[in-house]
Structures are given as structure tokens and as C-alpha cells.
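Thanks for asking me to look over this structure with you. Have the sequence and the 3D view open side by side, and take the points one at a time.

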Amino acid sequence: MTKDKVTELQDIVSHCKKLGFIYQSSEVYGGLSAVYDYGPYGVLLKNNLKEYWWKAMVQMHENIVGLDAAIFMDPKTWKASGHVDAFNDPLIDNKDSKKRYRADQLIEDYIQNKIQKKIDKDVAKGQKRFGESFDKVQFLSTDKRSLDRQAKIDSILNRMNKALNAGDLADVKQLIIDLDIVCPHSGSKNWTDVRQFNLMFSTQGGGATSDDVLYLRPETAQGIFVNFLNVWNTSRQKIPFGIAQIGKAFRNEIVARQFIFRMREFEQMEMQFFVKPGEQKQFYDYWKAFRMRWHLALGTPQDNLRFHEHETLAHYADAALDIEYNFPFGFKELEGIHSRTDFDLKAHQDLSGKKLQVQDVESKESYVPFVVETSIGCDRMFLAILSQAYQIDEAPDAKGVMKERVVLKLPPALAPVKCAVLPVVRVNEALTQKARAIFNEIKYSFNCQYDEKDAIGRRYRRQDQLGTPYCITIDEQTIEDNTVTIRERDSMQQERIDVTMVEKIVSERVDIRNLLKQL
Ligand code: ATP
């Protein structure tokens with residue numbers, strides 16, 4: 001396998017477009033930035049991912065129920081949640097290049113490129129000079145130059161965080177000026193003031209007055225919080241229990257890069273677990289372990305996943321971590337697990353004036369439950385599974401010469417097409433008729449494709465690129481003894497089986513229960 005190719009994001013983007021997994025939105029008009037459409041195979045894979053999540057969370061947990069809340073909500077929801085006042089990015093424009101940046105990212109990039117890199121260089125020099133005996137920790141805690149540089153980093157970050165927390169945008173700008181930060185495009189220091197930019201998209205409601213502003217939800221979670229009491233009253237659940245939801249969310253991301261990693265319209269799979277105050281830690285630990293098992297069951301190597309505990313917590317959280325995946329551009333957040341205390345329910349209770357409380361069975365006291373949340377982006381998960389599945393290995397061509405093969409080694413339960421039915425040649429009507437009959441029989445059980453065009457080797461390659469785990473080939477022998485070959489995508493091994501076994505064998509091997517049973 002040529003590993004360097006596997007890690008290129010551009011290869012995955014091209015593959016997605018070429019095969020019909022993902023297209024850029026409104027491409028005929030030049031493409032809408034950070035918005036994407038899922039094509040014929042993309043929608044199948046995405047639906048399978050959602051099914052895996054839904055079944056693992058809702059079907060496998062007696063104490064989790066589902067919800068499908070609307071995208072539009074009463075605007076007060078976003079006031080209570082803090083999104084109207086605090087869901088902001090500090091932005092700055094360069095007047096010469098007309099490019100817009102997140103002020104905090106400009107400062108962080110400065111730290112990385114102008115200071116941290118120098119520290120790393122000295123460490124590398126030390127390692128080269130002293131080899132095995134070099135003690136990095138000791139070096140960093142004693143080397144005067146490195147200590148001075150680290151102190152400078154700490155003082156910049158301190159000042160930036162203080163200014164951001166106090167909403168002192170003038171000082172954020174002053175910091176950019178004091179550090180002599182230039183625009184990466186124009187090299188100029190001709191900056192505008194720093195402004196707060198709200199990440200929520202808004203639109204007018206039916207009345208079209210200025211009070212009538214509606215927001216496109218920036219997260220699905222709030223639909224769960226405001227329905228908490230409805231679900232509690234109607235589902236016969238007791239604390240602890242959870243509400244799960246899959247749905248669209250919208251964020252006006254300023255720096256939208258890296259394909260479907262950061263989009264303006266995306267899908268979230270979120271679950272809010274309501275617990276008795278004081279019991280949040282035990283459920284936080286449960287969900288942390290369970291969600292990691294969910295990822296590992298897909299065959300993702302442990303090395304490509306890691307926990308990243310948050311050192312600084314949002315004001316509403318008493319614990320938070322990310323599950324990070326090693327994307328082609330490095331380890332980045334794939335999923336968040338947050339212990340959100342009673343912040344959200346309390347905020348809605350205060351603003352709405354409605355009690356969002358339950359009664360303790362023993363003490364009969366009423367309380368606002370605490371919440372542990374798991375939140376994963378469906379699109380980010382799509383990119384993670386595709387980055388892992390996209391591989392280049394070798395397969396023999398018609399003359400037996402080994403050639404590069406692009407293959408999506410997707411878990412069979414997630415593959416868009418489970419099985420392709422291929423008559424070995426199309427000129428032989430007996431074969432094509434038999435193949436059609438098999439296709440028509442098995443299509444009730446799973447998604448399959450009939451393909452008779454091109455040489456058989458090319459058809460195998462086509463299915464490999466889609467990630468189809470099984471190919472059924474109908475040949476002369478099929479007519480004689482009612483057997484076919486079944487080819488497995490990764491090993492390319494072929495086995496001869498009776499036609500009557502096709503449906504059973506493929507069904508068993510692509511069954512989503514194979515994943516769920518590992519949880
Ligand atoms: P980031 O720090 O990368 O902006 P976040 O911490 O704001 O992410 P959350 O608000 O915790 O993200 O959202 C939960 C999940 O939703 C994320 O882990 C991610 O998988 C997904 N997500 C968030 N923003 C986007 C986006 N713009 N495009 C695609 N997925 C997203």
C-alpha cells in the first residue's frame with residue numbers, strides 16, 4: 001500500500017466527486033463555499049452511519065428515546081442558551097487584501113510560527129546532539145532561551161484570553177499591533193477594528209417585523225432541552241434517561257476549510273442524558289467509554305483515536321472532552337462529550353417561567369436534572385470513516401500483472417452497496433438472465449447492483465472503489481450446477497457457493513448487528 005497517498009485529503013475529495021459520494025453545493029454556479037451535497041453513494045453511506053448511531057444509542061439502550069425537533073425554534077431559546085449573546089467569533093479584516101480572519105487564530109498562528117517553532121528547533125538540535133540521553137523536560141525547564149520564549153507565549157495568551165473574556169476587542173486589536181502581526185496574504189498591517197461576529201444564521205418569520213427574527217439552529221441539543229418535560233411526561237422514562245436526535249445544524253463559520261470537516265450546514269447526532277445531580281461523573285465515564293467502543297467497533301485502529309480532556313471548561317460544564325480522530329490533516333475533534341450540569345434546563349426554566357423539574361422518588365424533592373451530552377458531527381464521521389477506508393493496494397489485471405487498485409475498505413455494514421451481481425460476459429443471454437434472476441431475488445434484503453458492462457476485472461475495480469464488500473459472478477458453471485462465485489473485496493478471494501446461499505451469506509456478513517454486538 002502506498003501510504004503517502006492514503007493521507008492526502010485531496011485524493012479523498014477527488015474520489016468523492018468522481019464516484020458520486022459528495023459534490024460541492026450549487027456547483028453549476030461556481031459552488032457555494034463550505035456547503036456540500038451528498039450524491040447517490042454518499043447518501044447511502046451517510047444513512048448507514050446514522051442507522052449505526054441510532055441503533056447503538058436508542059435501540060440498544062432501554063433508557064434512551066428519540067426525538068425529531070424542528071430546525072426553527074422560538075428565538076428565546078437562543079437567548080436562554082447563550083447563543084444570541086455569546087456564540088461569537090472575534091473577526092478582523094485586512095484593508096489591503098480584503099481578507100477576513102479570526103483575531104484569536106491570527107494571534108495563535110503568530111505564537112506557533114514565531115515562537116513555538118523556535119523552541120521546537122532548539123529541542124530538535126538538543127536531540128540530535130545528545131541522542132538518547134537528551135531529556136526534553138529537563139531542557140525545557142532549564143534552558144534560559146526556551147524559558148523566556150515560553151514566558152512570552154504565556155503572557156500573550158493571558159492577555160488575549162483576558163481581553164476576549166472581558167469583551168475588550170480594542171485590546172485584542174492592540175495585541176495584534178503590538179506583536180507586529182501582518183496579513184498572511186498582503187503582508188500589510190493595515191487592520192480594521194476587531195468585531196464580534198455571531199455564528200448563527202437568521203431569517204425573518206412570517207410577520208416580517210424586526211422582532212420576528214428566526215434563527216437556523218446552530219446545534220440540535222436545544223430542541224431536546226425544551227422538549228425535556230414533554231418527553232418525560234409521555235415516555236414513562238425515569239431518571240436517568242436520555243433523548244437522542246439526528247438533525248441539521250447551521251453555523252456561519254468564517255474559516256471554512258478542510259472539505260466536510262467544517263461546513264456551514266451540517267448534521268449532528270446528539271444525545272442528552274438526564275441524571276440526578278451528583279451522579280453526572282459516573283455517567284460521563286460511562287458515555288466516554290461507550291462512545292469510544294462505538295468508534296473501535298468500526299475497525300478504526302486505536303492509534304487513530306484519542307481523548308482530549310478540556311483544561312479550560314465552558315462556564316456551564318463541569319467536565320468535557322473531545323474524541324479526536326487522526327484526519328489526513330492531523331488529530332482534530334470528531335465528537336464532544338460534555339457534562340453540562342443543569343445549566344441549559346435552568347436557563348430555559350428561568351426565561352420561560354415553566355418548571356423543568358422532576359421529583360425524586362425517595363425524597364420527594366423536586367430538582368432540575370444534570371445533563372451529560374454526547375455530540376458527534378455526522379459529516380465529520382463520514383470524513384473519518386472515508387479517510388480510514390480509502391486505500392491503495394495492488395491487484396492483478398487481466399494478464400496477471402499487478403496494478404494499483406483504489407479500494408474503500410469500509411465496514412460491510414456501512415458500505416453503500418452490499419453486493420454486485422455480475423454475469424461474467426454479457427453476450428451470453430443464459431448468463432445475463434440468470435444473473436438478473438439472482439439480482440431480483442436478493443434485492444429485497446439489501447442494496448445491490450447489477451452490472452454487465454466492461455470486462456469482469458474492470459467491474460471488480462469499479463465495485464472496489466465504491467467499497468462494495470461482495471461481488472457475485474455468474475459463469476458457465478452456474479448454468480450447469482447452480483453455483484456462483486462470491487468475491488470478497490479486501491482479500492479478493494473467491495469462493496464457490498450454491499445460488500440458494502447467496503442471500504443468506506451476504507445478509508449475515510453485512511448485518512449491522514455485527515457492529516452492535518461489539519458494543
Ligand atoms: P470546533 O471546535 O471544531 O468548531 P465545536 O467544539 O464548536 O467544534 P460542538 O459545538 O461541540 O463543536 O459540536 C459537536 C460536534 O458537531 C463536533 O464534534 C463536530 O463533529 C460537529 N461540528 C461542529 N461544527 C461543525 C461544522 N461547522 N461542520 C461540521 N461538523 C461540525
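Below are my numbered comments, going from the whole chain to single residues.

1. **What kind of model this is.** Please keep in mind from the start that this is a predicted model. Every value below was computed from it.

2. **The chain as a whole.** You are looking at a chain of 519 residues, and 48% of them are buried. Its secondary structure amounts to 19 helices and 23 strands. If you turn the C-alpha trace along its principal axes, it spans about 80 × 70 × 55 Å. The chain exposes about 25800 Å², with 49% of that supplied by carbon and sulfur atoms. Among contacts with a separation of 6 or more, 64% are between residues 24 or more positions apart.

3. **The domains.** Where does the chain divide? Domain 1 is made of two stretches, 1-70 and 217-409, while domain 2 covers 88-198 and domain 3 covers 410-516. Try colouring them separately. The centres of domain 1 and domain 3, taken over C-alpha atoms, are 32 Å apart. Where these two meet, domain 1 brings 26 residues to the contact and domain 3 brings 22.

4. **The largest nonpolar core.** This core holds 67 residues, and the ones with the most contacts inside it are F21, I22, Y52, W53, I260, W287 and F382. Why does the core lie between domain 1 and domain 3? Both of these domains give residues to the core, so its place is between them.

5. **One core residue up close.** I260 is a good residue to click on. Setting aside neighbours within four places in sequence, I260 is in contact with I22, Y36, Y38, D379, R380, F382 and L383. Two of these partners, I22 and F382, are also listed with I260 among the residues with the most contacts inside the largest core. There is also a second, separate core, which has 22 residues, including L106, I107, Y110 and L179.

6. **The ligand and its polar partners.** Which side chains should you look at around the ligand? Start with R251, where a side-chain N or O atom is 2.9 Å from an oxygen atom of the ligand. R380 also offers a polar side-chain atom, which lies 3.0 Å from a ligand oxygen. For E253 the partner is a nitrogen atom of the ligand, 2.8 Å from a polar side-chain atom. On its own the ligand has 590 Å² of accessible area, and the protein covers 80% of this.

7. **The shell around the ligand.** Which elements give two or more residues to this shell? They are β10 (265-275), β13 (330-341) and β16 (370-377). The largest share, five residues, comes from β13. Of the 15 residues around the ligand, those that come nearest are E253, R262, M263, E333 and L334.

8. **A buried aspartate in a helix.** Now move to D122, which you will find in helix α6 (residues 103-130). Is D122 buried or exposed? D122 has a relative accessible area of 10%, and since the cut-off for buried is under 20%, D122 counts as buried. Beyond residues up to four places away in sequence, D122 touches F139, R145 and R149. With R149 there is a polar contact between the side chains, at 3.1 Å. For a sense of scale, compare the C-alpha atoms of D122 and F72: they are 50 residues apart along the chain and separated by 53 Å.

9. **Backbone details worth checking.** As background, most residues other than glycine have a negative phi, and most peptide bonds are trans. The peptide bond from I239 to P240 is cis, with omega near 5°. P240 sits in the loop between α11 (228-235) and β9 (241-250).

10. **Two positive phi values.** K364, in the loop between β14 (358-359) and β15 (366-367), has a positive phi near 65°. N482 has a positive phi as well, near 60°, and is found in the loop between α17 (476-481) and β22 (483-488). As for accessibility, K364 is exposed, with a relative accessible area of 52%, and N482 is partly exposed, at 29%.

Note on methods
Residues numbered from 1 in each chain as written. Heavy atoms only, no water. Core = buried A, V, L, I, M, F, W, Y, C linked by side-chain atoms within 4.5 Å. Buried < 20%, exposed > 50% of the residue type's maximum accessible area, 1.4 Å probe, protein only. Domains from an automatic or database assignment. Contact = heavy atoms within 4.5 Å. Near = heavy atom within 4 Å. Polar contact = N/O pair within 3.5 Å; in protein donor to acceptor, adjacent residues only side chain to side chain. Areas by Shrake-Rupley, 256 points an atom, 1.4 Å probe, with all protein chains shown as cover. Helix = DSSP H or I, 4+ residues; strand = E, 2+ residues; numbered from the N terminus.
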